[in-house]
Amino acid sequence: MSYAANAFDGVIHGKTIELTQEPGLPDGQAVSVTLTPVAPSEARLPPGEGLRRAFGAWANDAEGLDKFLEEVRRGRQRNRPEIEP
């Protein structure tokens with residue numbers, strides 16, 4: 001049985017490469033691997049991971065984030081001049 005060469009995305013963990021999808025080859029099949037690093041901007045993150053990273057320290061503190069954002073809103077209102085019609 002012959003298989004066509006395919007490109008797969010994966011993540012390296014030490015000497016193990018975890019593929020993002022099944023390769024369709026039997027377990028134990030010998031393969032040849034060529035590694036091409038993916039630029040960080042091109043790497044696909046798991047769903048929700050980008051938002052978690054963007055929130056940084058607030059990723060697990062939604063209440064603290066809400067309080068901070070409310071403070072910012074109030075501060076902007078205090079410093080905003082009235083617009084005359």
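## Overall dimensions

In this predicted model, the protein chain has a radius of gyration of 24 Å, whereas a compact globule of 85 residues would have one near 12 Å. Along the principal axes, the C-alpha atoms fill a box of roughly 80 × 30 × 20 Å. One pair of residues gives a sense of the spacing: H13 and R78 are 65 residues apart along the chain, and their C-alpha atoms are separated by 51 Å.

## Secondary structure

The protein chain has 2 helices and 2 strands. Read from the N terminus, the order of the elements is β-β-α-α. Strand β1 covers residues 10-13 and contains I12; H13 is also found in strand β1. Helix α1 spans residues 49-55, and helix α2 spans residues 62-79.

## Surface and burial

Of the 85 residues, 5% count as buried. The accessible surface of the protein chain comes to about 8,400 Å², and carbon and sulfur atoms account for 53% of that area. H13 counts as partly exposed because its relative accessibility is 44%.

A nonpolar patch of about 600 Å² lies on the surface. I12, I17, L19, L25, V31, V33 and L35 make up this patch, and I12 belongs to strand β1.

## Charges and salt bridges

The protein chain carries 10 positive and 13 negative side chains, and the centres of the two sets lie 6 Å apart. Side chains of opposite charge can pair when their charged atoms come close. The count of salt bridges comes to 4.

In helix α1, the side chains of E49 and R53 meet in a salt bridge, with 3.0 Å from N to O. These two residues are 4 residues apart in the helix, so about one helical turn separates E49 from R53. E49 is buried, with a relative accessible area of 18%, whereas R53 is exposed at 54%.

Helix α2 holds E63 and K67, which are 4 residues apart and therefore separated by about one helical turn. K67 forms a salt bridge with E63, and the closest N and O atoms are 3.5 Å apart. K67 counts as exposed at 52% relative accessibility, and E63 is exposed with a relative accessible area of 54%.

A further salt bridge joins the side chains of E70 and R73, at 3.4 Å from N to O. Both residues lie in helix α2, 3 residues apart, or about one turn of the helix. E70 counts as partly exposed at 34% relative accessibility, and R73 is partly exposed with a relative accessible area of 46%. Elsewhere, salt bridges that share partners join E49, R52 and R53 into one network.

How values were computed
Residues numbered from 1 in each chain as written. Predicted model: local features only at pLDDT ≥ 70, side-chain atom pairs only at ≥ 80, totals over all residues. Heavy atoms only, no water. Rg over C-alpha atoms; globule rule 2.2 N^0.38 Å. Buried < 20%, exposed > 50% of the residue type's maximum accessible area, 1.4 Å probe, protein only. Areas by Shrake-Rupley, 256 points an atom, 1.4 Å probe, with all protein chains shown as cover. Lys, Arg positive; Asp, Glu negative; His and termini not counted. Charge placed at Lys NZ, Arg CZ, Asp CG, Glu CD. Patch = residues over 30% accessible without salt bridge, like charges linked within 9 Å, V, L, I, M, F, W, Y side chains within 5 Å.
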